Amino acid sequence: MTINNKYIVLLSIVCFLISLNQAVFFHSPNYREYTKGWEIFVFGWFGILKGNIISIAWLANPMLIMSWVNFKKNKITLKYSALSLFFCLFFVIYDFFKNEIQFSNYNEGFYFWISSILIMTLANLYFMKQIVKENNRVIL
């Protein structure tokens with residue numbers, strides 16, 4: 001079975017665009033105060049400038065975009081998507097262990113964002129495996 005790379009990138013982009021329009025997480029237990037994905041995408045990098053360690057997770061966005069742009073062009077795209085996944089998981093792990101962030105619940109936007117990153121990472125792994133199979137050598 002062959003997978004068309006255009007559809008995979010498109011699916012990842014669609015998940016990302018959906019995440020921008022959805023609430024990513026709620027700030028209060030009554031679910032009245034929330035942050036939309038576009039707000040984090042546009043303003044999240046300010047946290048890096050302020051020295052907020054959790055804002056490093058925002059770097060998943062440019063890494064994901066670089067993964068889309070370079071998909072199947074060279075092996076660097078796997079590194080971009082892996083870094084994007086790392087920054088995304090950093091956010092989840094930091095939030096879980098430190099519990100310094102005042103989020104009461106993740107919402108659909110957060111899960112679409114993660115899905116977008118996972119789709120690209122898995123697609124890159126699949127296509128790198130195909131290249132290795134064709135060339136019969138390891139390229140990582």
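The paragraphs below go through a predicted model of a protein, from its overall make-up to the packing of three helices and then to a few single residues.

The secondary structure of this protein consists of 6 helices and 3 strands, and when these elements are read along the sequence their order is α-β-β-α-α-α-α-β-α. The protein has 140 residues, of which 39% are buried, and the surface that it exposes comes to about 8800 Å², with 65% of that area supplied by carbon and sulfur atoms. If one takes the contacts between residues at least 6 apart in sequence, 65% of them join residues at least 24 apart. The helix pairs described next give examples of how separate parts of the chain are brought into contact.

Helix α1, which spans residues 5-21, and helix α6, which spans residues 108-135, have axes that come within 7 Å of each other and cross at roughly 160°. Since an angle over 145 degrees counts as roughly antiparallel, α1 and α6 are therefore described as roughly antiparallel to each other, and their crossing is left-handed. On the α1 side, the residues that take part are Asn5, Ile8, Val9, Leu11, Ser12, Cys15, Phe16, Ile18 and Ser19, and they meet Gly109, Phe112, Trp113, Ser115, Ser116, Ile119, Met120, Ala123 and Phe127 on the α6 side. Sorted by class, the residues of this contact of α1 with α6 are 12 nonpolar and 6 polar, with no charged residue among them.

Helix α1 also packs against helix α4, in this case at an angle of about 155° and with the two axes 10 Å apart. That angle makes α1 roughly antiparallel to α4, and α1 passes α4 in a left-handed crossing. The contact is formed by Val9, Ser12, Ile13 and Phe16 from α1, which meet Asn61, Leu64 and Trp68 from α4. The residues in this contact of α1 with α4 divide into 5 nonpolar and 2 polar, and again none is charged.

The remaining pair to consider joins helix α4, residues 60-69, to helix α6, and here the axes come within 11 Å and cross at roughly 40°. An angle of this kind falls outside the ranges for roughly parallel, roughly perpendicular and roughly antiparallel, and α4 and α6 are therefore oblique to each other. The crossing in which α4 passes α6 is left-handed. From α4, the residues Ala60, Asn61, Leu64, Ser67 and Trp68 meet Trp113, Ser116, Ile117, Met120 and Asn124 from α6, and by class this contact of α4 with α6 holds 6 nonpolar and 4 polar residues but no charged ones.

Taken together, these pairs link α1 with α6, α1 with α4 and α4 with α6. Some residues can be followed from one contact to another: Val9, Ser12 and Phe16 of α1 appear in the contact with α6 and also in the contact with α4. In α4, Asn61, Leu64 and Trp68 meet residues of α1 and are likewise listed among those that meet α6. In α6, Trp113, Ser116 and Met120 belong to the contact with α1 and to the contact with α4.

Several single residues add detail to this picture. Leucine 11 is placed in helix α1, and with a relative accessibility of 45% it counts as partly exposed. Its C-alpha atom is separated by 9.0 Å from that of methionine 120, although leucine 11 and methionine 120 are 109 residues apart along the chain. Methionine 66, in helix α4, is partly exposed as well, at 32% relative accessibility, and the distance between its C-alpha atom and that of serine 84, 18 residues apart from it along the chain, is 9.6 Å.

Leucine 122 lies in helix α6 and counts as exposed, because its relative accessibility is 55% and the limit for exposed is over 50%. Leucine 122 is 41 residues apart from serine 81 in sequence, while the C-alpha to C-alpha separation of this pair is 8.8 Å. Asparagine 70, by contrast, is found in the loop between α4 and α5 and is buried, with a relative accessible area of 14%. If residues up to four places away in sequence are not counted, asparagine 70 touches Thr77 and Tyr80.

Terms used
Residues are numbered from 1 along each chain as its sequence is written. This is a predicted model: local features need pLDDT of at least 70, side-chain atom pairs count only at pLDDT 80 or more; totals for chains, interfaces and linings use all residues. Side-chain values use heavy atoms; hydrogens and water are left out. Helices (H or I, at least four residues) and strands (E, at least two) are DSSP runs, numbered from the N terminus. Buried means under 20% relative accessible area, exposed over 50%, partly exposed in between (1.4 Å probe, protein chains only). Contact means heavy atoms within 4.5 Å. Accessible areas come from the Shrake-Rupley method with a 1.4 Å probe; for residues, only the protein chains shown count as cover. Axes are lines fitted to C-alpha atoms, for helices over the stretch in contact, and angles run from 0 to 180 degrees between N-to-C directions. Angles under 35 degrees count as roughly parallel, over 145 as roughly antiparallel, 65 to 115 as roughly perpendicular and the rest as oblique. A crossing is left-handed if the near helix is turned anticlockwise from the far one by less than a right angle, and right-handed if clockwise. Ala, Val, Leu, Ile, Met, Phe, Trp, Tyr, Cys and Pro count as nonpolar, Asp, Glu, Lys and Arg as charged, and the others, Gly among them, as polar.
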